[in-house]
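Welcome! Here is a short briefing to read alongside the sequence and the 3D view. Take a look at both, then follow the notes below.

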Amino acid sequence: MAVRQAFIAASPKDVWAALADGGRYADWVVGTRAILHEDPDWPAVGSRIEFEAGIGPLTLRDQTVVRICEPPERLEMEIKAGVLGAARVAFQLIEWGEGTVVIVDEHPLRGLAGGLHGPPGELVLHLRNRLMLRNLRQVVHDEREKRTPTGQTKPAEQT
């Protein structure tokens with residue numbers, strides 16, 4: 001299992017808002033190029049996002065399905081990547097002082113990715129998830145920057 005954690009200087013509610021915004025999924029999930037479909041009730045259990053993912057010229061159409069949703073503390077998803085198989089990705093948000101500790105736990109469930117599970121695969125997942133958490137931190141920061149000190153969203157022309 002590849003487990004990583006990061007501190008984000010924002011409330012669990014603000015971090016959850018980023019996780020719950022399916023339209024921003026490609027902004028923080030490493031390898032995601034475009035969102036092709038988002039169920040309107042995302043991130044309700046059973047809802048899904050279809051997206052295009054890839055590295056260089058290689059492109060796959062993948063799907064993420066929510067398996068557990070307990071706002072604003074826990075989100076668990078199954079990423080289905082065709083021939084590569086499927087993986088479980090779980091986020092836990094823990095309020096920590098003025099911020100949030102985000103723990104991401106990812107491991108393959110089945111398919112080719114499951115067969116390659118071991119130290120080299122763990123290293124790749126750790127590096128990927130480190131970057132993913134950095135991206136998530138930036139998305140949360142960007143959303144907080146759009147707000148005034150009172151928590152109101154700034155008019156579009158000021159963003």
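**A first look**

L60, V83, L84 and L112 make a nonpolar surface patch of about 360 Å². Please keep in mind that this is a predicted model. From the patch, the notes go on to the chain as a whole and then to a group of aromatic rings.

**The surface patch**

- One of the patch residues, V83, sits in the loop between β5 (74-80) and β6 (86-96).
- V83 has a relative accessibility of 72%, so V83 counts as exposed, the cut-off being over 50%.

**The chain as a whole**

- The secondary structure of the protein chain consists of four helices and seven strands.
- Along the sequence, these elements come in the pattern β-α-α-β-β-β-β-β-β-α-α.
- The protein chain has 159 residues, and 38% of them count as buried.
- About 9000 Å² of the protein chain is exposed, with carbon and sulfur atoms supplying 56% of that area.
- If you take the contacts between residues at least 6 apart in sequence, 44% of them join residues at least 24 apart.

**The aromatic rings**

- Which residues form the aromatic cluster? Y25, W28, W42, F51 and F91 form one such cluster.
- A pair of aromatic rings is described by two things: the distance of the centres and the angle of the planes.
- Counting rings whose centres lie within 6.5 Å, there are four aromatic pairs.
- In one of them, Y25 and W28 have ring centres 5.6 Å apart and planes at 65°; the pair is therefore edge-to-face, as planes over 60 degrees apart count that way.
- Y25 and W28 both belong to helix α2 (residues 25-28), where they are three residues apart, about one turn of the helix.
- Are Y25 and W28 buried or exposed? Both Y25 and W28 are buried.
- Y25 also pairs with F51: their ring centres are 5.3 Å apart and their planes lie at 50°, so this pair is tilted.
- The pair of Y25 and F51 links distant parts of the chain, with Y25 in helix α2 and F51 in strand β3 (residues 48-55), 26 residues apart.

**How covered the paired rings are**

- Y25 has a relative accessible area of 3%, which means that Y25 is buried, since buried stands for under 20%.
- F51 is buried too, with a relative accessible area of 3%.
- V83 in the surface patch, by contrast, counts as exposed.

Terms used:
Residues numbered from 1 in each chain as written. Predicted model: local features only at pLDDT ≥ 70, side-chain atom pairs only at ≥ 80, totals over all residues. Heavy atoms only, no water. Patch = residues over 30% accessible without salt bridge, like charges linked within 9 Å, V, L, I, M, F, W, Y side chains within 5 Å. Areas by Shrake-Rupley, 256 points an atom, 1.4 Å probe, with all protein chains shown as cover. Salt bridge = Lys/Arg side-chain N within 4 Å of Asp/Glu carboxyl O. Helix = DSSP H or I, 4+ residues; strand = E, 2+ residues; numbered from the N terminus. Buried < 20%, exposed > 50% of the residue type's maximum accessible area, 1.4 Å probe, protein only. Contact = heavy atoms within 4.5 Å. Phe/Tyr/Trp six-rings, centres within 6.5 Å; stacked < 30°, edge-to-face > 60°.
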